[in-house]
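This report introduces a structure to a reader who has not met it before. The sequence and the model are shown first, and the description follows under short headings.

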Amino acid sequence: MPNIAVVGAQWGDEGKGKVVDLLSERFDVVARFQGGPNAGHTVAFDGKTYALHHVPSGVFRPDTRIVIGNGTVLDLTKLLEELDGLAEAGIDLAGRLYISDRAHVILPILKMLDALEESSAKAGDKIGTTLRGIGPTYQAKAARWGLRVGDLADPEHLEERIDRILSGPAGGRLAQAGQEMPTAAQLARDGHGQWKRLEQYVTDTAMRLNDWIDEGGSVLFEGAQGTLLDLDHGSYPFVTSSTTVAGGLCAGLGVAPTRVTGALGVFKAYGTRVGAGPMPSELIDDAAGDLIRERGHEYGTTTGRPRRCGWFDGVAARYANRINRFDAACITLLDVLDAFEEIRICTGYRLDGKPFEGFPASVSRAERLEPVYETHKGWNRDTTGVRKWEDLPAEAHAYLARLEEVIGTEVAMVGVGPDRVQSILRPGSWITRNVPDLI
Ligand code: GDP
Ligand code: IMO
Ligand code: MG
């Protein structure tokens with residue numbers, strides 16, 4: 001059975017939620033392997049739109065199990081709100097939601113620390129995080145004093161652990177900044193209360209996943225953020241604090257690479273980025289950039305911030321394909337380009353006047369990159385009603401064919417609107433061959 005990764009290939013918000021929602025119809029399990037409430041994955045169908053932050057986008061398929069894996073970080077207050085919201089919308093989670101006992105907990109003080117670090121950083125050093133406590137929680141994990149979901153079970157042990165955290169570096173930093181902190185007793189009481197509500201879902205998810213795969217079940221691995229935000233491979237230090245690339249799923253879920261049968265990259269038909277850091281093909285104070293933002297409603301699902309918009313960055317896309325080795329690409333938001341006479345693709349970079357191959361490691365170099373563009377004729381036609389690959393305009397076919405060349409992989413799916421039905425599968429492509437009977 002297929003066990004396929006779906007990961008973001010740019011700077012996040014590529015439309016992973018929509019792609020996962022569609023594919024999950026044919027999978028037994030959908031599992032998140034990293035990130036936390038920094039993610040905002042949108043799923044739209046039957047006239048309703050849902051924003052998911054912790055919960056995998058397979059949640060709307062009643063027969064699909066959903067897993068929040070060990071590599072994730074969880075804000076339990078927000079997670080419970082998310083679960084309540086889904087319950088109110090009539091989504092039944094009983095017996096099909098599985099939360100790893102090894103996932104890390106975003107303690108309220110770690111969220112405070114995220115805000116403090118961002119507000120106290122000098123202008124050029126601000127990362128523009130989502131302020132959800134992601135960085136400090138992964139720091140705590142790597143420094144080996146973080147708190148895991150399983151630690152919430154025993155109230156006394158929990159209070160001792162939290163007490164040590166408050167008297168450690170995180171508490172010290174907040175105290176130094178004069179911030180008032182909750183007591184260990186309070187945090188332990190709240191944490192244990194949350195545990196009681198979540199206990200029914202908490203389990204060793206690696207054991208479950210491996211058992212299900214052994215039994216012939218199929219798993220869709222849902223990435224959050226995107227390849228250019230990866231802790232190692234992204235535009236460091238303007239990245240998130242987890243491994244967002246397909247390879248991250250193995251550690252983030254306890255599933256061996258030998259069990260993964262494929263990887264799909266989700267790319268927007270253009271580029272966006274939210275937060276600070278290099279974006280070589282960004283359109284700054286530019287009418288085309290503004291048109292993309294308005295047509296694509298490019299405002300963050302999690303924070304509401306306007307996203308920075310630009311042309312498709314073929315160099316960054318090729319870089320992402322090298323690291324993830326995609327079997328195929330899903331190109332989303334193609335319809336946003338319906339109103340353009342001309343569309344550009346960045347096919348090369350120049351650094352200090354010379355051609356530059358790849359994506360530079362140093363941010364100062366990345367910020368000096370100049371994009372080299374080629375221009376394509378737009379189709380200037382509404383595609384939102386197109387449902388078949390062959391019905392796309394000729395210019396759209398030409399644009400997609402060029403994207404395939406610059407990325408280095410086949411385009412197997414195209415998005416022409418936010419709704420579940422506004423996805424076009426390419427006949428005979430990797431997806432239709434590997435995920436039969438999808439639509
Ligand atoms: P994710 O974080 O990768 O799941 O993406 P987000 O949900 O943050 O952002 C993608 C946005 O684009 C959402 O508002 C989606 O509803 C919307 N979207 C996804 N695919 C398409 C598409 O093909 N066309 C249009 N117009 N909107 C889309
Ligand atoms: P999804 O899953 C887009 C960005 C933030 C910031 C950087 C670090 O919806 O694609 P963090 O809070 O993670 O420490 O912020 O990463 N970022 C995202 N950008 N989509 C996301 O998630 C993001 N999650 C984090 O804007 O630049
Ligand atoms: Mg998003």
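## Basis of the description

A residue is counted as near a molecule if one of its heavy atoms lies within 4 Å of that molecule. The structure described here is a predicted model.

## The surroundings of ligand 2

By that criterion, 21 residues surround ligand 2. The closest of these residues are Asp13, Lys16, His41, Thr130 and Thr240. Sorted by character, the shell around ligand 2 consists of 8 nonpolar, 10 polar and 3 charged residues.

Several polar contacts can be named. Lys16 places a polar side-chain atom 2.7 Å from an oxygen atom of ligand 2. Gln225 takes part through its backbone, where an N or O atom lies 2.8 Å from an oxygen atom of the ligand. In the case of Arg305, an N or O atom in the side chain is 2.9 Å from an oxygen atom of ligand 2. Taken alone, ligand 2 exposes 550 Å², and the protein buries 98% of that area.

## The surroundings of ligand 1

The shell around ligand 1 holds 18 residues, of which Gly15, Lys16, Gly40, Thr42 and Asp335 come nearest. Its composition is 3 nonpolar, 9 polar and 6 charged residues. Lys16 is thus listed among the nearest residues of ligand 1 and also among the closest residues of ligand 2. Two elements, α1 (16–23) and β3 (41–45), each supply at least two residues of the shell around ligand 1. Helix α1 gives the most to this shell, with 3 residues.

Polar contacts to ligand 1 involve both backbone and side-chain atoms. A backbone N or O atom of Glu14 lies 3.1 Å from an oxygen atom of ligand 1. For Gly17, a polar backbone atom is 2.8 Å from an oxygen atom of the ligand. Arg307 contributes a polar side-chain atom, which lies 3.4 Å from an oxygen atom of ligand 1. On its own, ligand 1 has 580 Å² of accessible area, and the protein covers 92% of it.

## Packing of the helices

Two packed helices are described by the angle between their axes and by the distance between the axes. Helix α3 (residues 108–120) packs against helix α6 (residues 169–176) at an angle of about 50 degrees, with the axes 10 Å apart. Angles that are neither roughly parallel, roughly antiparallel nor roughly perpendicular count as oblique, and α3 and α6 are therefore oblique to each other. The crossing of α3 and α6 is left-handed.

Helix α7 (residues 184–198) appears in two further pairs. With helix α5 (residues 155–166), the axes come within 8 Å and cross at roughly 135 degrees. This angle makes α5 oblique to α7, and the crossing of α5 and α7 is right-handed. With helix α2 (residues 76–88), the axes come within 10 Å and cross at roughly 30 degrees. Angles under 35 degrees count as roughly parallel, so α2 and α7 are roughly parallel to each other. The crossing of α2 and α7 is left-handed.

## Backbone features in loops

Two details of the backbone remain to be noted. The peptide bond from Tyr236 to Pro237 is cis, and its omega is near 5 degrees. Pro237 belongs to the loop between β10 (219–222) and α9 (248–253).

The other detail concerns Asp46, which has a positive phi of about 50 degrees although it is not a glycine. Asp46 is placed in the loop between β3 and β4 (48–52). Strand β3 is also one of the elements that supply at least two residues of the shell around ligand 1.

Notes. Residues numbered from 1 in each chain as written. Chains lettered and ligands numbered in written order. Predicted model: local features only at pLDDT ≥ 70, side-chain atom pairs only at ≥ 80, totals over all residues. Heavy atoms only, no water. Polar contact = N/O pair within 3.5 Å; in protein donor to acceptor, adjacent residues only side chain to side chain. Areas by Shrake-Rupley, 256 points an atom, 1.4 Å probe, with all protein chains shown as cover. Helix = DSSP H or I, 4+ residues; strand = E, 2+ residues; numbered from the N terminus. Nonpolar A, V, L, I, M, F, W, Y, C, P; charged D, E, K, R; others polar. Axes fitted to C-alpha atoms, helices over the stretch in contact; angles between N-to-C directions. Parallel < 35°, antiparallel > 145°, perpendicular 65-115°, else oblique. Left-handed = near helix turned anticlockwise from the far one by under 90°.
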